[in-house]
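Hello,

Here is the structure I promised to pass on. Please open it first, then read the notes below.

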Amino acid sequence: MPVVLARATHGRARTGSVPAVRCPSCGGLEDKVVDSRSSDDGTSIRRRRQCEHCAARFTTFERIEESLPMVVKRDGRREPFDRRKVDEGVRSACKGRPVDEEQISALLASVEDRLQVHGGEVESAQVGALALEELRKLDGVAAVRFASVYKSFSDPEDFEREIQLLAESDDDA
Ligand SMILES: [Zn+2]
């Protein structure tokens with residue numbers, strides 16, 4: 001199994017969704033992330049990728065120090081982004097729903113990528129909103145559950161607005 005060591009560039013300098021990594025089999029630059037998890041100490045992300053050209057799978061390890069923003073909590077305290085919190089929230093919302101492991105991993109990778117592009121500091125509610133936006137694309141019921149359980153949406157107005165958005169998207173269907 002080929003392993004590629006990639007270094008995630010600093011968020012502010014980045015424009016794409018994921019850092020470009022050359023496929024070790026064919027040299028192609030397009031791939032999709034099929035699995036993504038952080039190391040126990042939270043300083044790196046291991047990503048399983050699949051080449052869009054030759055379908056070869058390979059693994060990258062990306063350092064995430066400096067690249068993810070600090071999260072500003074409601075009480076004003078700051079803490080490093082904790083992927084596990086989002087992961088747990090998304091997983092509990094998806095329980096029993098037709099959302100698979102690959103989709104959850106891709107969702108988390110997407111949220112992290114957007115946070116890296118953001119850089120600096122984000123409010124905890126923004127992190128929740130990003131995850132919710134991605135979850136809404138996967139499953140409406142899971143999105144409502146997530147909105148109701150995620151701490152950042154403990155404000156009833158936020159929750160009502162979310163229900164409203166879901167109702168509007170149902171009308172379109
Ligand atoms: Zn390839």
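**Val 111 and the sheet**

Start with Val 111. Setting aside the residues within four places of it in sequence, Val 111 is in contact with Val 86, Leu 130, Ala 131 and Glu 134. Bear in mind that this is a predicted model.

Where does Val 111 sit? It is found in helix H2, which covers residues 101-118. Is Val 111 buried or exposed? It has 23 C-beta neighbours inside 10 Å, so it counts as buried; the cut-off for that is 20 or more.

Look at Leu 130 too. It lies 19 residues from Val 111 along the chain. The C-alpha atoms of the two are separated by 6.2 Å.

Now the sheet. Three strands make it up, and the sheet is open. Their order is S6-S5-S7, with mixed pairing. Why do S6 and S7 each have a side without a neighbour in the sheet? Strand S6 (78-80) and strand S7 (121-123) stand at the edges, and each has a single partner strand, so one side of each is left free of a neighbour there. On average, neighbouring strands of this sheet are turned by 35° against each other, direction ignored.

Next, the S5 and S7 pair. Strand S5 spans residues 70-72. S5 and S7 run parallel, joined by three bridges. Val 72 has Glu 123 in S7 as its bridge partner.

A helix packs on this sheet as well: H3, residues 124-138. H3 touches S5 and S7. Its direction makes about 75° with that of S7.

Best wishes

Terms used: Residues numbered from 1 in each chain as written. Predicted model: local features only at pLDDT ≥ 70, side-chain atom pairs only at ≥ 80, totals over all residues. Pairing = 2+ DSSP bridges. Helix = DSSP H or I, 4+ residues; strand = E, 2+ residues; numbered from the N terminus. Axes fitted to C-alpha atoms, helices over the stretch in contact; angles between N-to-C directions. Contact = placed C-beta atoms within 7 Å. Buried ≥ 20, exposed ≤ 12 C-beta atoms within 10 Å, placed from the backbone.
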